[in-house]
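Here is a short tour of a protein model, meant to be read with the structure open beside you. Let's look at one surface residue and its surroundings, and then move on to a sheet and the helices that accompany it.

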Amino acid sequence: MASEAYITLTDVVFSRSGRRIFDGVTLDIPRGKITAIMGPSGTGKTTLLRLIGGQLKPDSGTIMVAGENVPRLRRKALYTLREKMGMLFQSGALFTDLSAFENVAFPLRVHTSLPEDMIRDIVLMKLEAVGLRGARDLMPSELSGGMTRRVALARSIALDPELIMYDEPFAGQDPIAMGVLVKLIRDLNSSMGLTSVLVSHDVPESLSICHYACIIADGHIIGEGTPAELRQHPSERVQQFLQGQPDGPVPFNYPAPDAGSDWGLTGGAR
Amino acid sequence: MMDRIAALGRLGFNVVATVGRAGYFLGGALAGVPKPAVGFPLLVRQLYSVGVLSLAIVVVSGLFIGMVLGLQGYTILSDYGSEAAVGQMIALTLVRELGPVVTALLFAGRAGSALTAEIGLMKATEQLSSMEMMGVDPLRRVIAPRLWAGFIAMPILAVIFSVVGIWGGMLVSVDWLGVFEGAFWGNMQSSVSFVDDVLNGVVKTVVFGFVCTWIAVFQGYDCVPTSAGISSATTKTVVYSSLAVLGLDFVLTAVMFGDF
């Protein structure tokens with residue numbers, strides 16, 4: 001990877017409810033690029049974003065973001081660092097009691113002392129960037145799923161962050177909304193020079209816009225590289241995921257006892 | 001047998017862990033004092049939501065409870081020819097006990113459950129997480145104004161409850177049953193002590209308000225972010241608040257009015 005790393009994870013181990021989610025994950029996320037983190041459902045992709053954002057602490061290992069070791073940061077320093085981060089949640093996570101305009105204005109009102117007319121201009125610019133300037137007065141309950149995510153995207157870039165993290169931005173979107181989101185993520189990255197981390201299991205869309213990608217499974221990174229390198233990756237598991245094959249090294253069936261014993265065919269326990 | 005002991009131990013650990021989390025949560029919510037320009041509008045909004053919107057149920061309940069007290073009191077006291085004392089009976093009952101306790105129970109049912117459900121839903125829809133990721137502490141932005149609002153609103157609601165209750169009792173005993181109005185108010189004035197009765201009642205409401213709101217916001221914040229989790233947390237808020245109010249009422253009454 002030629003670019004300098006903006007985020008560096010080193011030997012990150014994280015367990016929850018007795019289950020090891022990450023078992024020594026090491027990863028560099030380059031500055032100013034789009035990095036896709038992919039993997040089957042339940043492998044901890046969203047958890048990885050929460051570790052980077054400091055919402056969770058790893059059992060061991062270091063997570064460096066913009067030169068700061070996130071798990072070691074004190075509360076105030078962590079909240080200051082988060083002002084450089086934006087995060088697009090899977091659900092959008094808009095504040096339901098605020099209009100689209102007020103949602104986007106929220107971080108500006110909290111973190112800046114800008115006059116009201118300037119806040120208005122910035123909010124309208126951000127809403128214009130996601131094509132929703134005309135929807136400023138709508139409440140979240142009046143927005144479609146795709147519009148909700150676009151307003152949330154406008155809110156997450158309101159403070160012009162250095163880093164933006166997208167949690168499953170394409171999940172449940174129709175093809176048009178998905179196309180709009182793909183274009184927005186690409187345009188925002190190139191126009192604002194953001195470091196973007198995209199968590200998704202939508203392979204074609206993710207590989208179409210990312211500069212670098214990695215695939216997580218069973219607590220490890222099983223493959224990483226540019227989209228072209230990943231497509232040629234020798235690992236069967238990587239190829240099974242990229243090509244969406246139902247069975248392979250990642251089994252289709254959840255581990256279960258012997259079928260004969262479950263149906264009482266072998267005289268085993270019922 | 002060993003399994004039961006182990007289960008009891010686990011339960012003990014869980015209770016201690018929950019109390020610890022609740023204490024840590026309370027410290028986090030009360031630690032940061034937001035700037036007045038930011039915090040005051042948030043507080044006023046929550047005072048409206050928690051206090052003003054609870055007024056209807058408090059006023060109606062206070063009125064009927066006062067009327068029932070007037071009716072019962074008159075019936076009992078008239079057997080002894082002491083119906084003139086009905087005013088002091090109503091006032092002491094309301095100011096010392098029913099005002100604080102019933103208001104707290106109503107508060108837990110109306111405002112407490114609403115607080116839990118609202119915060120639980122904010123958690124389930126990732127609004128609290130998104131706030132954290134924007135560099136805004138939800139404990140200070142969401143929890144603290146609600147906690148202070150409950151703490152402030154509950155004593156005021158209890159005072160309104162008692163005042164309306166006394167007025168309801170007067171309606172029945174004076175206007176309907178014919179107790180002499182001068183005796184009604186005069187006996188009340190001579191027997192109700194501002195410090196021993198009214199202030200002690202207010203102290204109770206402050207304690208109940210604090211406990212009920214703390215339970216409500218903690219249950220919402222700590223709930224499992226699913227529909228079943230929010231439902232369970234809302235139920236726990238009402239049950240735990242009610243039990244806490246009744247238990248604390250006994251302790252506070254023993255301390256304030258017990259003649260040991």
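B:V59 counts as partly exposed because its relative accessibility is 31%, and partly exposed covers the range between under 20% (buried) and over 50% (exposed). Bear in mind that this is a predicted model. B:V59 sits in helix 3 of chain B, which spans residues 55-78. On the surface, B:V59 joins B:Y48, B:V52, B:L53 and B:L55 in a nonpolar patch. Together these residues offer about 400 Å² of accessible area.

Now over to chain A. Which strand order does the open sheet have there? Its 6 strands follow the order 6-7-8-3-9-10, and the pairing is mixed. Strand 6 (85-88) and strand 10 (220-225) of chain A are the edges, each pairing on one side only. From one strand to the next, the twist averages 15°.

Within this sheet, strand 3 (residues 34-38) and strand 8 (residues 195-200) of chain A run parallel and are joined by 5 bridges. As an example, A:I34 has A:S196 in strand 8 of chain A as its bridge partner.

Two helices of chain A accompany these strands. Here is how they compare:

| Helix (chain A) | Strands of chain A involved | Angle |
|---|---|---|
| Helix 1 (residues 45-52) | lies across strand 3, strand 6, strand 7 (163-167), strand 8 and strand 9 (212-217) | about 155° to strand 7 |
| Helix 9 (residues 236-243) | packs on the sheet, touching strand 3, strand 9 and strand 10 | about 105° with strand 9 |

Strand 3 of chain A is thus worth a look from either helix: helix 1 lies across it, and helix 9 touches it.

Key. Residues numbered from 1 in each chain as written. Chains lettered and ligands numbered in written order. Predicted model: local features only at pLDDT ≥ 70, side-chain atom pairs only at ≥ 80, totals over all residues. Heavy atoms only, no water. Patch = residues over 30% accessible without salt bridge, like charges linked within 9 Å, V, L, I, M, F, W, Y side chains within 5 Å. Areas by Shrake-Rupley, 256 points an atom, 1.4 Å probe, with all protein chains shown as cover. Salt bridge = Lys/Arg side-chain N within 4 Å of Asp/Glu carboxyl O. Helix = DSSP H or I, 4+ residues; strand = E, 2+ residues; numbered from the N terminus. Buried < 20%, exposed > 50% of the residue type's maximum accessible area, 1.4 Å probe, protein only. Pairing = 2+ DSSP bridges. Axes fitted to C-alpha atoms, helices over the stretch in contact; angles between N-to-C directions. Contact = heavy atoms within 4.5 Å.
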